[in-house]
Amino acid sequence: MSEDISRISIVGAGTMGSGIAQLFLHENVSVFLIDSMEKALERAKKRIIDQFEMLSHYGLFDRNNIDRVMDNLKTSVEISAIAESDLIIEAVPEKLSLKHEVFRQIETYCRDEAIITTNTSGISINEIVSVLKKPDRALGTHFFMPANIIPLVEVVRSDYTSKETIDKVMHLLQAVGKKPVLINKDIPGFIANRIQHALAREAISLLESGVATAEDIDTVVRYSIGMRLLFTGPLEQRDVNGLDIHHDIAAYLYKELENRQTPVPLLTSKVEKGELGIKTGKGFYEWNESPETILRRKNDQLYKLIYWMKNNI
Ligand SMILES: NC(=O)c1ccc[n+]([C@@H]2O[C@H](COP(=O)([O-])OP(=O)(O)OC[C@H]3O[C@@H](n4cnc5c(N)ncnc54)[C@H](O)[C@@H]3O)[C@@H](O)[C@H]2O)c1
């Protein structure tokens, strides 16, 4: 583990906060999980134990150690509980005013040397840290759902973040087995969401224009470029194919691609009709199972993949 960071607090015990807590507990780090709602803390504890059970099912954790690692988890509804921490990770809902309020409170109670990070999906890190007296100690750590499984963390520096802060956070994340990537510019969507949205915008547009069914569009992506992406990133793949060939295709294809500046109308109409995906039973597909059952199955597939990656990559 990191010499500089051994005590961690997470503020916000929802989907992301509980996943991040589980990741650190797995590595025998003490975690203080804080939420304004006692119920959220109870739910988070159950979720964390459930995830450890799942890990042990795939041989990624020893079930006999669950009680021991759970002893390293403390919870509180008081934000002052962060007082002894070396690192405080904010994971409250994606509203700038709320993040400002929480960042101000964190700075009131935290140690002078403590590092503060935000798990924002896309709000400007510069804007979030602007309320701090010492913004050099803060940056973005964008974990992906489920945070305990997906290896990547986008580490996003603001204009004020010190090199020392970046180095300490990168080192910690590497020490707990994550793949941190430093994003040097505080741009909307960082890297992953920009690329994910470019892909989704094109896919929704193709569906809207009747080129193929949702299932067929997904099949094309999953069984072609999707399979390759785990081994060869989009830039490396261009080198493999040849930049001249890519350039020729780009020259005639780019003008054909979806480039609207607002959401594709098919997406807007689905949202207006309440067709929001698994949570309402209909989105681009019909869903007949509960969101919990679907998410459990998706996580199960990811665990199998991680297990395979540990032994093969
Ligand atoms: N869910 C995702 O897929 C995902 C992925 C990456 C990043 N994020 C980002 O992570 C952050 C958290 O998202 P989430 O999905 O975990 O949200 P969530 O709604 O599941 O959890 C947020 C938690 O914060 C608590 N909270 C609200 N106000 C608080 C306060 N003042 N003090 C302490 N706790 C408070 C809530 O009670 C809730 O338990 C957001 O910024 C989101 O954009 C989410």
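Which residues line the largest cavity? Select Phe24, Leu87, Ile89, Thr117, Thr141, Phe143, Val169, Leu172 and Leu173, and you have its lining on screen. Before going further, keep in mind that you're looking at a predicted model.

**Stop 1: the cavity**

Stay with that selection for a moment. The largest cavity has a volume of about 30 Å³, and the count of cavities of 30 Å³ or more comes to one. Now colour by element: β4 (87–90), β6 and α6 (163–175) each give at least two residues to the lining. The largest share, three residues, comes from α6. Colour by residue class instead and you'll get seven nonpolar, two polar and no charged residues around the largest cavity.

**Stop 2: α1 against α2**

Next, select residues 15–26 for helix α1 and residues 38–57 for helix α2. Their axes come within 9 Å and cross at roughly 50°, which makes α1 oblique to α2. If you turn the view to look at how one helix passes the other, the crossing of α1 and α2 is right-handed.

Show the side chains where these two helices touch. On the α1 side, pick Thr15, Ser18, Ala21, Gln22, Leu25 and His26; on the α2 side, pick Ala44, Arg47, Ile48, Gln51, Phe52 and Leu55. By class, the contact of α1 with α2 splits into six nonpolar, five polar and one charged residues.

Just past α1, click on asparagine 28. You'll find this residue in the loop between α1 and β2 (30–34). Its phi is near 65°, a positive value in a residue other than glycine.

**Stop 3: α2 against α12**

Keep α2 on screen and add α12 (291–312). What angle do α2 and α12 pack at? The angle is about 45°, with the axes 10 Å apart, and that makes α2 oblique to α12. The crossing of α2 and α12 is right-handed.

For the contact itself, select Asp50, Gln51, Met54 and Leu55 in α2, then Arg296, Asn299, Asp300 and Tyr303 in α12. This contact of α2 with α12 has three nonpolar, two polar and three charged residues.

**Stop 4: the second largest pocket**

Leave those helices showing and look for the second largest pocket, with a volume of about 570 Å³. There are 20 residues lining this pocket, and the closest to its centre are Arg47, Asp50, Gln51, Leu295 and Asn299. Which elements give two or more residues to the lining? They are α1, α2 and α12. In the lining of the second largest pocket you can count seven nonpolar, eight polar and five charged residues.

**Stop 5: α7 against α11**

Now select residues 192–208 for helix α7 and residues 265–272 for helix α11. Here the packing angle is about 85° and the axes are 8 Å apart, so α7 and α11 are roughly perpendicular to each other.

To see where they touch, show Ile204, Leu207 and Glu208 in α7 with Pro265, Leu266 and Leu267 in α11. The contact of α7 with α11 has five nonpolar, no polar and one charged residues.

**Last stop: a cis proline**

Finally, go to proline 146, in the loop between β6 (138–143) and β7 (152–156). Is the peptide bond from methionine 145 to proline 146 cis or trans? The bond is cis, with omega near -5°.

Note on methods
Residues numbered from 1 in each chain as written. Predicted model: local features only at pLDDT ≥ 70, side-chain atom pairs only at ≥ 80, totals over all residues. Heavy atoms only, no water. Axes fitted to C-alpha atoms, helices over the stretch in contact; angles between N-to-C directions. Helix = DSSP H or I, 4+ residues; strand = E, 2+ residues; numbered from the N terminus. Parallel < 35°, antiparallel > 145°, perpendicular 65-115°, else oblique. Left-handed = near helix turned anticlockwise from the far one by under 90°. Contact = heavy atoms within 4.5 Å. Nonpolar A, V, L, I, M, F, W, Y, C, P; charged D, E, K, R; others polar. 1 Å grid on protein atoms, 1.4 Å probe; cavity = no way out; pocket = protein on both sides within 12 Å on 5 of 7 lines; lining within 4 Å. Points joined across faces, edges and corners; volume = space filled by probe spheres on them.
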